[in-house]
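Work through the exercises below with the sequence and the coordinates at hand. Each task is followed by a worked solution.

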Amino acid sequence: EDTRHTRKLLNAFEIEAKLVSYHEHNEVERTEELVKVLEFGKSVAVVSDAGTPGINDPGYRLVRAARDAGAEVIPIPGAVAFVNAAVASGLPTDALFFGGFLPSKTGERRRRLEEVSSIPATLVFYETPHRIVASLRDCLEVLGDRMASVARELTKMHEEIVSGKLSEL
C-alpha cells in the first residue's frame with residue numbers, strides 16, 4: 001500500500017529490499033510485474049499498512065496469480081483486524097461472519113444487512129469513520145437493538161473499543 005509505512009518497519013529491522021506499491025488502483029499492472037519476478041525464481045513478500053494482506057484488500061488477486069504461475073505461497077500469521085475486534089468485543093466468537101466493508105449507499109447497505117440478518121453468528125464488518133454513524137443507525141433499524149462493539153486503530157497507539165447496545169453506540 002503506502003511504501004513509506006513499510007520502509008519504516010524495514011529500516012527498524014535493518015532490512016534492505018526493493019518496495020513497490022500494490023493497491024486497488026494499480027493491481028492489474030503490478031500483478032503482472034510481480035508474477036514475472038516470481039517466474040525468475042525470486043521471492044516476493046506482500047506487506048499491508050494495517051492488518052493481514054489478502055484480508056479485505058486486493059492482495060488475494062496477487063496470491064491467485066502467483067499460484068496460477070506455480071509459485072509457492074507461504075502465509076505468515078499476523079494481526080487481523082476483524083478477528084482482534086471480535087475477540088476484544090466480548091461478543092460470542094464461536095461463530096463469526098466477516099462481511100468486509102458495508103456498501104456506502106444507504107439502500108444498498110440496508111439490503112446487505114437484511115441479507116445477513118439471519119446468519120447465526122456474530123456479524124463483523126469494516127466501516128469508514130465518516131460512515132460509522134449512518135451504518136450504526138442502519139444496523140439498529142435492520143438488526144434490532146442488539147449488543148455490538150465498535151473498534152478502531154487496533155494494535156496501534158490510539159486503539160479504542162466501545163461496546164453496548166446499538167442504540168447506545
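The exercises concern a predicted model and cover a helix pair, a serine and a group of aromatic rings.

**Exercise 1. Helix packing**

Task: Describe how helices α2 and α3 pack, giving the angle and the distance between their axes, and state which residues meet.

Solution:
- Step 1. Locate the elements: α2 spans residues 27-39 and α3 spans residues 59-68.
- Step 2. Take the geometry. The packing angle is about 35°, and the axes are 10 Å apart. The crossing of α2 and α3 is right-handed.
- Step 3. List the contacts. From α2 come Glu 27, Thr 31, Leu 34, Val 35 and Leu 38; from α3 come Arg 61, Leu 62, Ala 65 and Ala 66.
- Step 4. Sort these residues by class: the contact of α2 with α3 has 6 nonpolar, 1 polar and 2 charged residues.

**Exercise 2. A serine in a helix**

Task: Is Ser 135 buried or exposed, and which residues does Ser 135 touch?

Solution:
- Step 1. Ser 135 belongs to helix α6, residues 132-143.
- Step 2. The relative accessibility of Ser 135 is 2%. Buried means under 20%, so Ser 135 counts as buried.
- Step 3. With residues up to four places away in sequence left out, Ser 135 touches Leu 102, Arg 109 and Glu 127.

**Exercise 3. Aromatic pairs**

Task: Classify the ring pairs that Tyr 126 makes with Phe 98 and with Phe 101, and place them in the chain.

Solution:
- Step 1. Count the pairs: there are 3 aromatic pairs.
- Step 2. For Phe 98 and Tyr 126, the ring centres are 4.9 Å apart and the planes stand at 70°. Planes over 60 degrees apart count as edge-to-face, so this is the class of the Phe 98 and Tyr 126 pair.
- Step 3. Place this pair: Phe 98 is in strand β1 (residues 96-101) and Tyr 126 in strand β2 (residues 122-126), 28 residues apart, and the pair links distant parts of the chain.
- Step 4. For Phe 101 and Tyr 126, the centres are 5.5 Å apart and the planes are at 65°, so this pair is edge-to-face. Phe 101 lies in β1 and Tyr 126 in β2, so the pair ties together parts 25 residues apart in sequence.
- Step 5. Check exposure. Tyr 126 is buried at 18% relative accessible area. Phe 98 is partly exposed at 24%, and Phe 101 is partly exposed at 41%.
- Step 6. Assemble the group: Phe 82, Phe 98, Phe 101 and Tyr 126 form one aromatic cluster.

Definitions and conventions: Residues are numbered from 1 along each chain as its sequence is written. This is a predicted model: local features need pLDDT of at least 70, side-chain atom pairs count only at pLDDT 80 or more; totals for chains, interfaces and linings use all residues. Side-chain values use heavy atoms; hydrogens and water are left out. Axes are lines fitted to C-alpha atoms, for helices over the stretch in contact, and angles run from 0 to 180 degrees between N-to-C directions. Helices (H or I, at least four residues) and strands (E, at least two) are DSSP runs, numbered from the N terminus. A crossing is left-handed if the near helix is turned anticlockwise from the far one by less than a right angle, and right-handed if clockwise. Contact means heavy atoms within 4.5 Å. Ala, Val, Leu, Ile, Met, Phe, Trp, Tyr, Cys and Pro count as nonpolar, Asp, Glu, Lys and Arg as charged, and the others, Gly among them, as polar. Buried means under 20% relative accessible area, exposed over 50%, partly exposed in between (1.4 Å probe, protein chains only). Rings of Phe, Tyr and Trp (its six-membered ring) pair if their centres lie within 6.5 Å; planes under 30 degrees apart count as stacked, over 60 as edge-to-face and the rest as tilted.
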